[in-house]
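Colleague: I would like a close look at a single part of this model, taken slowly and with its neighbours in view. Please choose one element and follow its contacts outward.

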Amino acid sequence: MTAGVGARHRKVGAMERLRGLARYTDDLALPGMLHAKILRSPHAHAKILSIDASRALAMEGVSAVVTGRDFPVAYGIIPWTRDENALCVEKALYVGDGIAALAAIDEDTAIEALSKIRVDYEPLPALLDPEAALASPLSINPHATKGNLHKHVLLEFGDVKAKLAEADHVVEGEYFFEGTTHAAIEPHCALASVEPDGLLTVWSSTQVPHYLHRELARVLELPARRIRVIQPPIGGAFGGKSEPFDLELCVAKLALVTGRPVKLLYTREEVFYAHRGRHPMRMRYRTGVTGDGRISGVDARTLIDGGAYSSFGLVTTYYSGQLLCAPYDFGAYRFDSTRVYTNKPACGPKRGHGSVQPRFAIEVQLDKAATLLGLDPIELRRRNALGHDTRTINEMAIGSNGFLACLAKVEEASGWKDKRARLPYGRGIGVAGSTYISGTNYPIYPNEMPQSAVQVTLDRSGRARVLSGASDIGQGSDTVVAVIVCEELGLGLEDVRVLSADTDLCPVDLGAYSSRLTLMVGNACLEAALALRREVTESVAKKWSVAPSRVVLADRMAIDRESPERAVPITEAFEWAESEHGLLTASGSYKTPTDRHGSYRGGTIGASPAYSFTAHVAEVRVDEETGEVELVHVWVAHDCGRAISRTLVEGQIEGSTYMGAGEALLEAHRIDARHGGVHEGPSLLDYRIPTSLDTPPIDAFIVEAPDAQGPYGAKEAGEGPLHSTIPAIANAIYDAIGVRLDRLPFGPPAVLAAIEERRRREREGTLAPHKADRASDTPRKGGA
Amino acid sequence: MLRLPRFALEVPETVGQALAALSTSEARLLAGGTDLLPNLKHRLETPSTLVSLHRLAALRGIALDEGARVLRLGTGVTLATIAHDATVKVHAPSLAEAAASVASPQIRRTATLGGNVHLDTRCRYVNQTALWRSAIGGCLKSGGTVCHVVEGGQNCVAALSSDTVPVLVALDAELVLASLVDGSEQRRTVPFARYFRSDGLRHTERARGEIATEVRVPLATGPRRATYVKWRPRATIDFPLVSIALRFDLDGEHDEAVVTDARVVVGVLGSRPRVVSTAAAMGLRMRDETLPERVAEAVWRECKPLENVPYEAPYRRTLLRVLTRRAVARLARVGAVGAT
């Protein structure tokens, strides 16, 4: 199997997973291990008057109980908004908030003991609507400083008012994204153990071992050097495991208190309460366009329902505006985003953090503009394309840009022109574009150290060992570093052993979020691999008395480029090099550029070394009588700069499209205001993610516009392709039946209601029938 | 994870032993367990003993009784077998269709016909965890005193969610129940049409000590067209949110064939299936263009879904009409579908 960059590879660790050998966190068991459970609030908002755990503690098999008082130090992933305690101290802020935790000899005993903890609550009014919460004098989060206003950002670039005033048309729209959750198949799990010398080890299904390490030290008031965090193989994360959670802090505390290993596995219900999923957003957009289809200005107002804690919310608030300024030139742009505390599970980062919702809004706005102007929606997007090696209106530096190539690819592959012209009523095709960051230039806590680092060591047996801080959460970061080592040192993938995400053994990496890893850990790994290649080729060159540039490392051989018959096995080359240089080891690290962002306050947030681009075309069939939308086919082209490993990139594109399709048609993370703020159905039976039978055929195309900032030109692929899925489907539904769905999800009742509303307007004569000149794919009158 | 409560497990090998085990304590029958075990994990009930029907070979037969003109199906037959069995497909194709639409392949290979017939009624306010239910103060079916579906309601309206029940009612099937009377095994037979009650807390006529042993489906006496329609948000896994079983008996297999008898049975309303009036269909030609809408109209008029399962009730009522009309039109068009 070819191991080099750009080939197809068997993913590192894939066989262990396929054969059921991978040991996830919950598969780990230690001698004497206790099981922990967390008591959760049945109230959406309540003062905790007292907690009496004496009956639980008196039970045989119960070792310890901890409450909020054992965790006086607040934490939070963003250092400026530390507004959580591991367990509630004074108040419960949503249904499911953690009140007390206990450790017992087994799970059944722990569950029974929980029911014996007596908590006296004084219920408070539950504030479940962001506008109501903003207006209320009752402050939800005890650490909040501005009542229920969590964050407000207002940024303006150019004179939006003037640009909208002189635009030929102003498209106005109001959009609502209900919010969705990650639904990773592996529930969160953590195991903690204290060694006799006092070292605390925490195994966790986290995607940010380094941040967990830091926050454990902060909350437990222990030096970080006394804590080790290990991330075992993980069963999906998607942003839902990218900050510390109550379970990690509780098992660590309970292990310290009892002196025994303690494990906690969330129930599926608890995963829904931990949430940190996509924020509900109400978005009001005004988009000015000229008669020839150019965007002259965009004015956006966004109200963000944050839930009870801030999580990454400060960043979300910025991202809701900052990440929108490509792939189109906006002319002028203003965004006004407000994030609010409510008594709901906290929202946070989900794949496409902060920008999937506004991307839906702007791409539907552009479709409305194209309809208004009688322009082909692809052509309208082409006319506004930003181009490469430029700056966005909010001053982000764009390097490579393959957006036009992406548009051309999906236009051709989908048969766009023909389908636009011919698809009958009831069937339609829609387009959308998007962009995303390849990591952020500024880390979550300000520092000037590298964001990623690796150490690579070559072994005289012909193996390479890579110590990487990066969290492989299924996206394939272990494979990316292995492929880079193979490419530079001529090894096969099975010759490379990657050890990652262990804070004792591996260098610091900030974690798997913001699509940062391929670019950042890739660059770090490339630096180390190049240094080793230099040592090896120099030693070989010396033996052969040729210039080092003549030595090629490939196919487990060192070969003389000019006389290929002269070649030695790579093991021999490594021996020569190790004899000359000593242990063959090199490190590489990656620091982000500091000259690619805006000069204004907040201008660093959303600035990335490089940006990916995507274009989606979706084809749908809509049943006019039932409102059901069938996703017939999706074509998606994604500019990832350079595909380090093709199958992995295609997998990310397909997975993103699948996830976006679920969010468009099925998923809604709802809290029931009529029943005291309970979750509408915290289970995978009631929170419906698409099954394989609900997944459309997807054609994923890789477009490569190499970027100077990325290793071999590589940019991100894991999140960008989600964004345009949703508006492409919305726009296809419009093409099919002539109704705009500005509220997500597009479930059958909503689609049917929109059809009925259009029919009413057709009857009263204010609208002409949609596609009246074409045949119909669905009975035109129908309905009840 | 969610854990099962503790219980004793009895594993009898004959119906008699099972009946004896059932009579001794607060025992609960365990067939495939695909419904019961999740409900136990949610602590919807906590029986001290489960009596497993797993080893009752006597409940696992499928027999065509030509003499009695009846298809006999053991209650222990799995739904996967019902879905694929050649005899069932020929003589009760709509039942095979319904069985094939239950949940997922894994569940159908474990779940049984008897279990599906006795599937507990479902409600969005009931099929949740203990913590969730405590947060809303419970309900009539789960330790509370109010109904969250019908304001002020004193009667539990949890939804009949079995896929096979509407079909069995539509086919005039009967259920055989075994019990111990003074130590000796007795059998009684109840038509499915009279087996269900308008009470989500106890929605069948099964007495505590009884075990359902056999489902008897009478064979069609002439040409018949029957089908089962189920609506759910996804193509698999989900319980039905709308369900309709249809059966039309005809006076012949020709274009002018006339409906001589018909059944239309709707599920997922309250806790019992609703048999819809079919007077509008009688005597009409199967191919009469007005037939689909007449039947759909009757369904729409007589069935009012409740907010007891997800998706808005008015929407599901609209679906009942549309899906019924389409199903009847399909049966009229394709003579082969459901014909015996």
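Modeller: What follows is a walk around helix 11 of chain B, and then through the strands of that chain.

The model is a predicted one, and every value below is computed from it. Helix 11 of chain B covers residues 313–333, and its axis comes within 8 Å of the axis of helix 10 of chain B, residues 291–302, with the two crossing at roughly 150°. Since angles over 145 degrees count as roughly antiparallel, helix 10 and helix 11 of chain B are therefore roughly antiparallel to each other, and the crossing is right-handed. On the side of helix 10 of chain B, the residues that meet helix 11 include B:Leu291, B:Pro292, B:Val295, B:Val299 and B:Trp300, while helix 11 of chain B contributes, among others, B:Arg317, B:Leu320, B:Thr324, B:Val328 and B:Ala332. Taken together, the residues of this helix contact divide into 10 nonpolar, 1 polar and 4 charged.

Helix 11 also takes part in the contact between the chains, where 25 residues of chain B are in contact with 27 residues of chain A. Helix 8 (130–135) and helix 11 of chain B each supply at least two residues to the side of chain B that touches chain A, and the largest share of that side, 5 residues, comes from helix 11 of chain B. By residue class, the side of chain B that touches chain A divides into 15 nonpolar, 5 polar and 5 charged.

Turning to the strands, strand 11 of chain B, residues 259–267, is mostly covered, with 7 of its 9 residues buried. Strand 11 of chain B pairs in the antiparallel sense with strand 10 of chain B, residues 242–250, over 8 bridges, and B:Leu250 stands opposite B:Val259. Strand 11 of chain B is also joined by 3 bridges to strand 12 of chain B, residues 274–276, again running antiparallel, with B:Val265 opposite B:Val275. The hairpin of strand 11 and strand 12 of chain B has 6 residues between the strands, and in this hairpin B:Val268 takes a positive phi near 55°.

Elsewhere in chain B, 5 strands form an open antiparallel sheet in the order 4-5-8-6-7, whose edge strands are strand 4 (62–65) and strand 7 (184–191); the twist averages 25° from one strand to the next. Helix 1 of chain B, residues 15–24, packs on this sheet and touches strand 6, strand 7 and strand 8 of chain B, its direction making about 65° with that of strand 6.

Notes: Residues numbered from 1 in each chain as written. Chains lettered and ligands numbered in written order. Predicted model: local features only at pLDDT ≥ 70, side-chain atom pairs only at ≥ 80, totals over all residues. Axes fitted to C-alpha atoms, helices over the stretch in contact; angles between N-to-C directions. Helix = DSSP H or I, 4+ residues; strand = E, 2+ residues; numbered from the N terminus. Parallel < 35°, antiparallel > 145°, perpendicular 65-115°, else oblique. Left-handed = near helix turned anticlockwise from the far one by under 90°. Contact = placed C-beta atoms within 7 Å. Nonpolar A, V, L, I, M, F, W, Y, C, P; charged D, E, K, R; others polar. Pairing = 2+ DSSP bridges. Buried ≥ 20, exposed ≤ 12 C-beta atoms within 10 Å, placed from the backbone.
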